[in-house]
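Take a look at the structure below. Then follow this report through its helices, a cavity and a few single residues.

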Amino acid sequence: MQNEAIRSVEHEIKVYLVNSFTRNNTGGNPAGVVLNPPQLSDEQKIAIAKEVGFSETAFVYQGEQTDFKVDFFTPEGEVDFCGHATLAVFFTLSSLNLLASGHYTQKTKAGVLSVAIDTENVVMEQTLPISRQAPKIDAVATALGVNCEVISETGLPIEIFSTGLPDILIPVQFGQLDTLKPNFDAIAELSREFNTIGFHVFELSQDKEITAHCRNFAPLYGINEESATGSSSGALGCYLVKHVFPHKTHFLLEQGRAMQCSSLIHVIIDSTENTISRVRVGGKATMIGSKIITFYTTC
């Protein structure tokens with residue numbers, strides 16, 4: 001019996017392109033959104049994410065016990081959760097009139113999380129915070145190209161926090177954030193050693209409306225710097241409740257200024273007696289457009 005000839009089958013996938021955490025319809029962090037894709041391998045999802053070219057692309061499926069199941073892929077591989085891509089997913093579904101305002105659930109590899117949609121914002125729940133010891137200050141300062149005093153004189157600690165993905169949270173003196181000279185190889189090595197995504201660096205703001213200005217470096221995952229990071233923002237909100245503002249519940253974080261792509265991220269922390277009971281992150285988004293990607297499978 002002769003073997004059947006192997007043939008390639010062409011598939012086309014539509015990817016919606018969305019800017020998340022925009023500020024007056026500018027700035028934000030772009031993500032790709034693929035709705036109800038065919039069965040894809042991880043390698044195919046990585047290839048699609050590479051062709052999209054953004055830091056993350058979300059693949060959205062109808063859920064079984066939840067409303068949706070969402071997988072998040074960078075051009076390098078899968079991550080458990082992505083805040084700005086989650087915002088992009090639910091903004092896209094709402095913009096296409098596939099969802100009304102209300103509350104929904106998504107299953108991610110970080111757990112089952114709720115998302116609320118209204119006419120103004122998308123607000124996502126994140127996991128409760130976990131913190132642990134961070135790298136030494138001298139190693140962090142060297143990786144950022146600054147003297148240790150730029151960090152130590154804030155009086156705040158370097159600490160690893162996770163509300164879905166672990167980040168090294170690093171305070172710097174006001175006025176120093178945009179002057180950092182990050183060594184991406186060193187940041188990647190520390191991220192690998194401490195099993196984190198990357199560095200989330202912040203300075204407390206002198207603007208009454210904004211709590212802190214931030215920069216995020218994740219070269220280990222192929223993202224040297226990005227302009228809005230939802231998962232890190234939830235972690236930073238928990239850090240600020242623990243170390244700076246124990247009675248504050250609402251935070252407005254600015255990120256992306258050094259990239260000329262200023263973005264705004266809202267963080268809401270519910271806590272009682274120094275115990276955090278809920279973490280939510282939200283913001284606005286803008287549709288950039290869409291893209292058709294062609295790939296092939298063999299059969």
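In this predicted model, the buried residues of helix H3 (137–144) pack against several elements. Those partners are helix H4 (148–152), E11, H5, E12 and E13. Which residues of H3 are buried? They are Val140, Ala141, Ala143 and Leu144. These residues sit on the same side of H3, because they cover an arc of only 160 degrees around the axis. Just after H3 comes glycine 145, with a positive phi of about 70 degrees.

**Helix H5**

H5 spans residues 184–193. Its buried residues are Ile187, Ala188, Leu190 and Ser191. Viewed down the axis of H5, they fall within an arc of 165 degrees, so they line one face of the helix. What do these buried residues pack against? Their partners are helix H3, strand E11 (166–171), strand E12 (198–204) and E13. The face turned away from the buried side carries the exposed residues Asp185 and Glu193.

Now look at the two ends of H5. At the start, a side-chain oxygen of asparagine 183 reaches to within 3.1 Å of the backbone nitrogen of aspartate 185. Just after H5, asparagine 195 takes a positive phi of about 55 degrees.

**The cavity**

Empty space can be searched for as well. Rolling a probe the size of a water molecule over the atoms shows where such space is left. A search of the whole structure finds 1 cavity of 30 Å³ or more. The volume of the largest cavity is about 120 Å³. Its lining is made of 18 residues. Which of them lie nearest the centre? They are Glu56, Ile197, Glu226, Thr229 and Ser231.

Four elements each supply at least two residues of the lining: helix H2 (83–95), strand E13 (212–218), strand E14 (223–226) and helix H6 (230–243). The largest share, 3 residues, comes from H6. By type, the lining divides into 8 nonpolar, 7 polar and 3 charged residues.

**Three buried residues**

Start with serine 263. It lies in strand E16 (residues 263–272). Is serine 263 buried or exposed? Serine 263 counts as buried because its relative accessibility is 0%, and buried means under 20%. The side chain of serine 263 reaches two backbone oxygens: that of serine 227 at 3.2 Å and that of cysteine 261 at 3.1 Å. Leaving aside neighbours within four places in sequence, serine 263 is in contact with several residues, including Phe21, Arg23, Asn29, Ala228 and Leu253.

Next is isoleucine 117, found in strand E7 (residues 111–117). This residue is buried, with a relative accessible area of 5%. Leaving aside neighbours within four places in sequence, isoleucine 117 is in contact with Phe90, Ser94, Leu99, Ala100, Ser101, Gly102 and Tyr104. How far apart are the C-alpha atoms of isoleucine 117 and leucine 17? These atoms are separated by 19 Å, and the two residues are 100 residues apart along the chain.

The third is lysine 45, which lies in helix H1. Lysine 45 counts as buried because its relative accessibility is 5%. Not counting residues up to four places away in sequence, lysine 45 touches Leu40, Phe59, Tyr61, Asp71 and Phe73.

**Positive phi angles**

Two asparagines in loops also take a positive phi. Asparagine 36 sits in the loop between strand E2 (29–35) and helix H1 (42–52). Asparagine 274 sits in the loop between E16 and strand E17 (275–283). Asparagine 274 is exposed, with a relative accessible area of 77%. For both asparagine 36 and asparagine 274, the positive value occurs in a residue other than glycine. The table sets these angles beside those found just after H3 and H5.

| Residue | Phi | Place |
|---|---|---|
| Asparagine 36 | near 45 degrees | loop between E2 and H1 |
| Glycine 145 | about 70 degrees | just after H3 |
| Asparagine 195 | about 55 degrees | just after H5 |
| Asparagine 274 | near 65 degrees | loop between E16 and E17 |

Go back to the structure and find H3 and H5. The buried residues of H3 pack against H5, among other elements. Those of H5 pack against H3, among other elements.

Methods
Residues numbered from 1 in each chain as written. Predicted model: local features only at pLDDT ≥ 70, side-chain atom pairs only at ≥ 80, totals over all residues. Heavy atoms only, no water. 1 Å grid on protein atoms, 1.4 Å probe; cavity = no way out; pocket = protein on both sides within 12 Å on 5 of 7 lines; lining within 4 Å. Points joined across faces, edges and corners; volume = space filled by probe spheres on them. Nonpolar A, V, L, I, M, F, W, Y, C, P; charged D, E, K, R; others polar. Buried < 20%, exposed > 50% of the residue type's maximum accessible area, 1.4 Å probe, protein only. Polar contact = N/O pair within 3.5 Å; in protein donor to acceptor, adjacent residues only side chain to side chain. Contact = heavy atoms within 4.5 Å. Arc of directions from axis to C-beta.
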